[in-house]
Amino acid sequence: MRFPRSCGVLLHPTSLPSPYGLGDFGPGAYRFLNLLEETGHTIWQVLPLTPVGYGNSPYTAYSAFAGSPWLISPEVLVEKGLLEKYEAEGAVLPESVRADYESAYAVRGKLLKLAADRFFMDADSGMLSRFEQFQKENRAWLKDYALFMVAHEASGGEPWYRWERGLAKRKSRELKQLGQEYRERLQFHLWAQFEFYNQWNALRSAANRVGIRIVGDIPIFVDHNSADVWAYPEYFTVDSSGARERVAGVPPDYFSETGQLWGNPLYRWDRLQKDGYGWWIDRFRQMFRLFDAIRVDHFRGFEACWEVQAKASTAEHGEWVKGPGAKLFAAVIKELGELPVIAEDLGLITPEVEQLRDKFRFPGMKVLQFAFNSGPSNGFLPHNYGPNCVVYTGTHDNDTTLGWYRSAPVEEQHRMRVYTRSDGSLPHRELIRYAYHSVADQAIVPLQDFLGLGPDSRMNTPGTVGGNWEWRVTDSMLESLDREWMRELAIWSRRLPD
């Protein structure tokens, strides 16, 4: 579908200001909404909000449906009377431009436990009724997720395929015993999802009231150690013991010389098709409960996916295997109606991928940092765009624009200066300006580029472990933004709402 001509900012909630080690849905998020409204920006794009697993990556989650309890704001819990002010203040961590996940998990875990205990002790009949209704509305995934997390904790953090056989195989007796033995923790995880959704829905409603749309992100794959694979192993390329047989990745490209070996199990699309793609329909439905639109990660994988043997050490040696193509999206549209989707069509894109994208009129992505590694026919150069696309200076997987320019080959730097008719002293501003004045329906810029930050503020470096997903903005950095320039960009590029 086509989106209105508009502009926005890419910023994950963990990067927001917060006194508790990483960003959340608290006051810092509402201050960010005020910034967007003040500058005429009507899109807030986020990364997945799912509960992160290994490496704190939002693309490595314990569930494709659940929300991260670490995004629950202690300050909002104080407002609700579920925490005392002194309890929240006693958990404050030093301000930093890097997320402190370890400390944040420790202090927030205690606060969430206190809040959950008070909820079950003091909640009135109306609130308990809403809690019960939430469980009914999310029964397709919620109980499985809560049981998974309880078993994960009880096993000392072991992945599900190493649990006691009865639990790994989801035998009814063992599941019932688990729920009874750890009833309090099971209730905690159910409540944490209830509170996550309450806080997020309040924040999204506040955004929508001032005309801001929130764009979410749906990773194509799920993590091996997730409630999804545990609950539905028949849909994934795992053997009878739960071990991976084939895994996902991409061949060598501009991000990595050896490709990217993601390690996620692949889908058994024949089995999913036999079941009417019900699991995927439920997943899209859940995403549209959370977001106004979604970016579909690794869109090309729905046409064909790079499959690698699970024992491989790199993604260099694999094969392209056909995906469900139009059949999946047709099934989702039949059930849910027109899809407000952005197709992440980066990487090795074939005519078949373009045909799949265009069949459903999904806008693709244009990344300006990729525009100067060849000549005038480069598809990422603005003069080659059609309007049904989204232009970015860079994404969460790119260096900041300032960092990219300073490390780019001399020829790329030269092409950028010639194209933008600039001296290269402010490359981030030049690319932002060209993005906004392009014909692309939507222009979205990482906050780091508006701030003119260097490579130390990069969000993620694909193919690396450690140091990723940590960048944060402080209130003083937000105050330093040139808001007048941001608003003038929106005005003169005709990206303000009518």
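Is Arg 421 buried or exposed? I began my notebook with this residue, and I keep in mind throughout that the model is predicted. Arg 421 is exposed, since its relative accessible area is 75% and the cut-off for that word is over 50%. I found Arg 421 in the loop between α16 (410-420) and α17, and I noted that its phi is positive, about 55°, although Arg 421 is not a glycine.

**Entry on other positive phi values**

I then looked up Arg 361, which sits in the loop between α14 (351-359) and β10 (364-367). Its phi is near 55°, again a positive value in a residue other than glycine, and at 47% relative accessibility Arg 361 counts as partly exposed. I also wrote down a glycine, Gly 211, which comes just after α9 and takes a positive phi of about 80°.

**Entry on helix α9**

I checked the length of α9, which covers residues 183-209. With 27 residues at 1.5 Å a residue, the helix should span 39 Å, and I noted that its end C-alpha atoms are indeed 39 Å apart, which agrees.

I next asked myself at what angle the axes of α9 and helix α12 cross. The axes cross at roughly 55° and come within 10 Å, where α12 is made of residues 278-290. That angle makes α9 oblique to α12. On the α9 side I listed Phe 196, Tyr 197, Trp 200, Asn 201 and Arg 204 as making the contact, and on the α12 side Gln 286, Phe 288, Arg 289 and Leu 290.

**Entry on salt bridges**

How many salt bridges does a search of the whole structure find? The search finds 31, and I followed a few of them by hand.

In one of them, the side chains of Glu 245 and Arg 268 meet with an N to O distance of 2.9 Å. Glu 245 lies in the loop between α10 (227-231) and β4 (246-250), while Arg 268 lies in the loop between β5 (260-265) and α11 (269-274), so this pair ties together parts that are 23 residues apart in sequence. I noted that Glu 245 is partly exposed at 31% relative accessible area, and that Arg 268 is partly exposed at 26%.

Another salt bridge joins Glu 430 to Arg 433, with the closest N and O atoms 2.6 Å apart. The two residues are three apart in helix α17 (residues 427-436), a separation of about one helical turn. Glu 430 counts as buried at 16% relative accessibility, whereas Arg 433 counts as partly exposed at 33%.

I also looked at Asp 297 and Arg 295, whose side chains meet in a salt bridge at 3.4 Å, N to O. Asp 297 is buried, with a relative accessible area of 14%, and Arg 295 counts as buried at 4% relative accessibility. I then saw that Arg 295 and Asp 297 are linked with Asp 217 and Glu 344 in a network of salt bridges.

**Entry on cysteines**

How many disulfides does a search of the whole structure find? The search finds zero. For Cys 389, which is in no disulfide, the nearest cysteine sulfur is that of Cys 7, 14 Å away; a disulfide would need the two sulfur atoms within 2.5 Å, so this pair does not qualify. I added that Cys 389 counts as buried at 4% relative accessibility, and that Cys 305 is buried, with a relative accessible area of 6%.

Methods. Residues numbered from 1 in each chain as written. Predicted model: local features only at pLDDT ≥ 70, side-chain atom pairs only at ≥ 80, totals over all residues. Heavy atoms only, no water. Salt bridge = Lys/Arg side-chain N within 4 Å of Asp/Glu carboxyl O. Helix = DSSP H or I, 4+ residues; strand = E, 2+ residues; numbered from the N terminus. Buried < 20%, exposed > 50% of the residue type's maximum accessible area, 1.4 Å probe, protein only. Expected span 1.5 Å × (residues − 1). Axes fitted to C-alpha atoms, helices over the stretch in contact; angles between N-to-C directions. Parallel < 35°, antiparallel > 145°, perpendicular 65-115°, else oblique. Contact = heavy atoms within 4.5 Å.
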